[in-house]
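This report describes the fold of one protein chain and then turns to its aromatic rings. Please keep the structure in view while reading.

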Amino acid sequence: SDPTLLSPFFMSTRRVVVTGLGALTPLANDFPGTWDRLIRGESGIGPVTAFGTTGYDCRIAGEVRNFDPAPAFKNPKDVRRTDRYTHLAMAAAGEAWKDAGLEGATLDLDRAGVLVGSGIGGLRTLEEQHTILRDRGPKKVSPFMIPMMINNIASGHISMHFGLRGPNFAIVSACATATHSIGESWRLIRESEADLIIAGGSEAAVVGLGLSGFGAMKALSTRNDEPTRASRPFDKGRDGFVLSEGAGIIILEEYEHAKKRNARIYGEVLGYGATADAYHLTAPAPEGAGAARAMRIALQHAKLNPEQVDYINAHGTSTPQGDICETQAIKSVLGDHAKKVAVSSTKSSLGHLLGAAGSVEMAICLKALETNLLPATINLEEPDPECDLDYIPQKPREQKAKIIMNNSFGFGGHNACIVASRLV
């Protein structure tokens with residue numbers, strides 16, 4: 001009876017699958033390494049090493065360490081002309097491209113695109129160039145400052161690197177950025193605007209401005225003496241999120257297109273929901289109402305009942321109110337099934353990668369489908385009484401999942417949800 005189910009979009013028979021994964025995170029500089037450490041229940045959080053933190057309330061973060069961006073670029077000069085967030089995006093895109101078996105593949109480049117966003121963009125460049133302006137004057141500011149800083153430039157560089165001439169833009173929706181990018185890529189492929197899209201997010205905000213700005217909001221954990229135990233979603237003792245950097249990229253492809261080239265398929269994207277809270281700059285809507293609507297829409301697109309969901313990768317940032325509201329949203333959407341579904345927040349190991357979080361977590365969901373291993377919520381020692389679902393505490397779980405849900409919510413009231421499955 002829902003009129004949206006009669007629209008041409010909902011009548012589309014084009015299926016969208018995932019054929020490549022790439023990531024750089026505080027756990028490792030590639031996705032296999034990230035998965036291996038994640039599934040061992042390790043943490044990538046430690047004291048900040050990129051700059052001095054004397055005077056900061058929060059002195060810990062999730063950093064990408066020992067990273068050389070040069071191999072990701074064809075032109076060595078482009079490394080100097082791009083911000084760290086673009087370096088991370090390029091490296092993750094290269095990994096995903098190779099993982100998808102696209103090196104040397106014959107593609108219609110007019111029908112291959114890039115949707116890679118960032119919540120904040122080139123914050124390091126902004127900080128460095130402002131210091132130059134202040135100390136040395138306007139003539140010394142880099143002519144590359146603007147293209148280094150803007151949020152769309154990673155998407156542009158990726159398209160130029162691979163010669164992709166299809167849809168190309170960057171979504172900016174704070175911590176929902178990467179999930180929106182995946183969802184809109186799914187929509188474009190469904191609507192036959194493209195056959196293949198590189199999608200995801202990248203973030204490099206572990207700089208003085210980033211750490212001090214989030215710190216001033218009282219959003220960050222100050223468990224400085226125990227960094228590996230600082231990110232503790234759904235735990236009674238949580239005191240804020242841990243800022244992290246990194247990039248996550250996935251290759252989305254139309255099913256027949258992938259099948260024709262004998263690509264390995266990790267899973268199929270079935271549904272996508274996007275909503276707004278229209279409530280508050282940083283606080284979630286009461287009882288997670290906006291998040292719940294995004295989850296319902298994603299399930300509606302997928303034509304699934306709530307009882308069919310096997311695993312949810314929660315947004316679960318480790319903030320006092322956010323974790324409660326997401327718990328309430330899951331209960332609202334799944335009803336009695338909420339107590340039976342497996343839920344975890346991998347931010348407990350990774351920290352919060354902001355605009356890159358959703359794509360890294362989507363890659364994790366797809367790997368969980370492939371391996372029958374569900375990652376844990378580490379540091380969950382004493383659950384908050386208001387967070388009373390099955391959050392897979394401490395250790396990963398061997399469990400076959402067929403349907404997964406990935407949640408991402410951002411400042412500004414942005415909500416995004418992806419539902420995916422094993423290929424059937």
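The protein chain has 14 helices and 13 strands; these are DSSP runs, with helices (H or I) of at least four residues and strands (E) of at least two, numbered from the N terminus. The model is predicted, so local features need pLDDT of at least 70 and side-chain atom pairs pLDDT 80 or more, while totals for chains, interfaces and linings use all residues. Residues are numbered from 1 along each chain as its sequence is written, and side-chain values use heavy atoms, without hydrogens and water.

The radius of gyration of the protein chain is 20 Å, which agrees with the value near 22 Å for a compact globule of 424 residues; the radius is taken over C-alpha atoms, and the rule is 2.2 Å times the number of residues to the power 0.38. Of these 424 residues, 59% count as buried, where buried means under 20% relative accessible area, exposed over 50% and partly exposed in between (1.4 Å probe, protein chains only).

The count of aromatic pairs comes to 6. Rings of Phe, Tyr and Trp (its six-membered ring) pair if their centres lie within 6.5 Å; planes under 30 degrees apart are stacked, over 60 edge-to-face and the rest tilted. Two of the pairs are listed here.

| Pair | Centre distance | Plane angle | Class |
|---|---|---|---|
| Phe 51 and Tyr 56 | 5.8 Å | 55° | tilted |
| Phe 214 and Phe 411 | 6.5 Å | 50° | tilted |

Phe 214 lies in helix α9 and Phe 411 in the loop between β12 and β13, 197 residues apart. Phe 214 is buried at 11% relative accessibility, whereas Phe 411 is partly exposed at 31%. Ring pairs also join Phe 214, Phe 241 and Phe 411 into a cluster.
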